[in-house]
Amino acid sequence: MNTAVKDADMPDGRATRWDEHRLQRRAELIRAARHAVHDLGPQASMGDIATHAGTSKSVFYRYFGDKNGLQAAVGERAIDFMERELLAAAETSDNALDGLYAMVAVYLRLAESSPHVYAFSTRLPPETPEITEGSSTSGTSSGQPTAMADFFERIAAVMDVHFRDYLRQQGHQPSAASATWYWPRAAIGMVRSAGESWLVTPSGADRPDAGRLARKITAWLTVGLSGTYAAADPPDLSDHPAPSTSTDPSTPEQEQS
């Protein structure tokens, strides 16, 4: 047997251990960066983040290249966690309306649990250059990281499936050319815009909590402006089953790993 060929096919133990160490260290740095941004804000510099993490800037540059690379890594981790929570909320709901309310509520509560991390994960930094052909910047022409745009596309696809099921249950069969099919993406636009405006609203008696805003947005998306002028919350959804309390989750904490 040619032992040289055999040895070449076997992974080097030291290299494998080093790769595992780098992955573990990278995860630790992402976690440390997330905590730093949570405390310091999305404008925190690499130096600020490194100081908060108890290490040097060079370590972060070595693993992530620059702040854009760090932002992309933190964003991907936060977005993955949010996506798992949203899909779980949809899958455990009894019906389409319950699922819609649950997804909106989870989205708002996760964003509220750390507005700084949410902003850091969902927006390109001001100094990011305009996206050009061949650019390596991890963003889109809409001014949001690619991971965030992909996330909303996946959520829109899930909502589209549930929306089609809901229409079938209601006996509706819009044509392929119907503008009705834009509803899932329009819904995401409304939820995100309302949610981000709500996040920057100062806390006080006039600011609704996440559950109340989720009920209101659900009403806007299902019964239109009549949801705005319904009596007391929860809004009047007499033609739709109201979300059960089991789909109104307590405020989820940020991912710990």
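Is Met103 buried or exposed, judged by its relative accessibility? In this predicted model, Met103 counts as buried, because its relative accessibility is 8% and the cut-off for buried is under 20%.

## Met103 and its surroundings

Met103 belongs to helix 6, which covers residues 96-113. Set aside residues up to four places away in sequence, and Met103 touches Leu86, Ala89, Ala90, Ile155 and Met159.

Ala90 appears in that list of contacts. The C-alpha atoms of Ala90 and Met103 are separated by 6.2 Å. Along the chain, the two residues are 13 residues apart.

## Thr218 in helix 10

Helix 10 runs over residues 210-223 and includes Thr218. Thr218 has a relative accessible area of 1%. Thr218 is therefore buried, since the cut-off is under 20%.

What does Thr218 contact, leaving aside its neighbours within four places in sequence? The partners are Leu97, Leu100 and Tyr101. One of these partners, Leu97, also appears in the account of the largest pocket.

## The largest pocket

The largest pocket has a volume of about 380 Å³. Its lining consists of 19 residues. Closest to the pocket centre are Ala96, Leu97, His162, Phe163 and Tyr166.

Which helices each supply at least two residues of this lining? They are helix 6, helix 8 (146-169) and helix 10. Helix 8 gives the most, with 6 residues. By class, the lining has 10 nonpolar residues, 7 polar and 2 charged.

## Helix 7

Helix 7 spans residues 115-122 and is mostly covered. Of its 8 residues, 6 are buried. The buried residues are Val117, Tyr118, Ala119, Phe120, Ser121 and Thr122.

## The annotated segment

UniProt lists residues 45-64 as "DNA-binding region". The entry is unreviewed, and such annotations may be inferred rather than shown by experiment.

In the model, residues 45-64 are 80% helix and 0% strand. The C-alpha atoms at the two ends of this span lie 14 Å apart.

## Summary by element

- Helix 6 holds Met103 and supplies at least two residues to the lining of the largest pocket.
- Helix 7 has 6 of its 8 residues buried.
- Helix 8 gives 6 residues to the lining of the largest pocket.
- Helix 10 holds Thr218 and supplies at least two residues to that lining.

Key. Residues are numbered from 1 along each chain as its sequence is written. This is a predicted model: local features need pLDDT of at least 70, side-chain atom pairs count only at pLDDT 80 or more; totals for chains, interfaces and linings use all residues. Side-chain values use heavy atoms; hydrogens and water are left out. Helices (H or I, at least four residues) and strands (E, at least two) are DSSP runs, numbered from the N terminus. Buried means under 20% relative accessible area, exposed over 50%, partly exposed in between (1.4 Å probe, protein chains only). Contact means heavy atoms within 4.5 Å. On a 1 Å grid over the protein atoms alone, a cavity is a set of points where a 1.4 Å probe fits but cannot get out, and a pocket is an open set with protein on both sides within 12 Å along at least five of seven lines; lining residues have an atom within 4 Å of a point. Grid points are joined across faces, edges and corners, and a volume is the space filled by probe spheres set on the points. Ala, Val, Leu, Ile, Met, Phe, Trp, Tyr, Cys and Pro count as nonpolar, Asp, Glu, Lys and Arg as charged, and the others, Gly among them, as polar.
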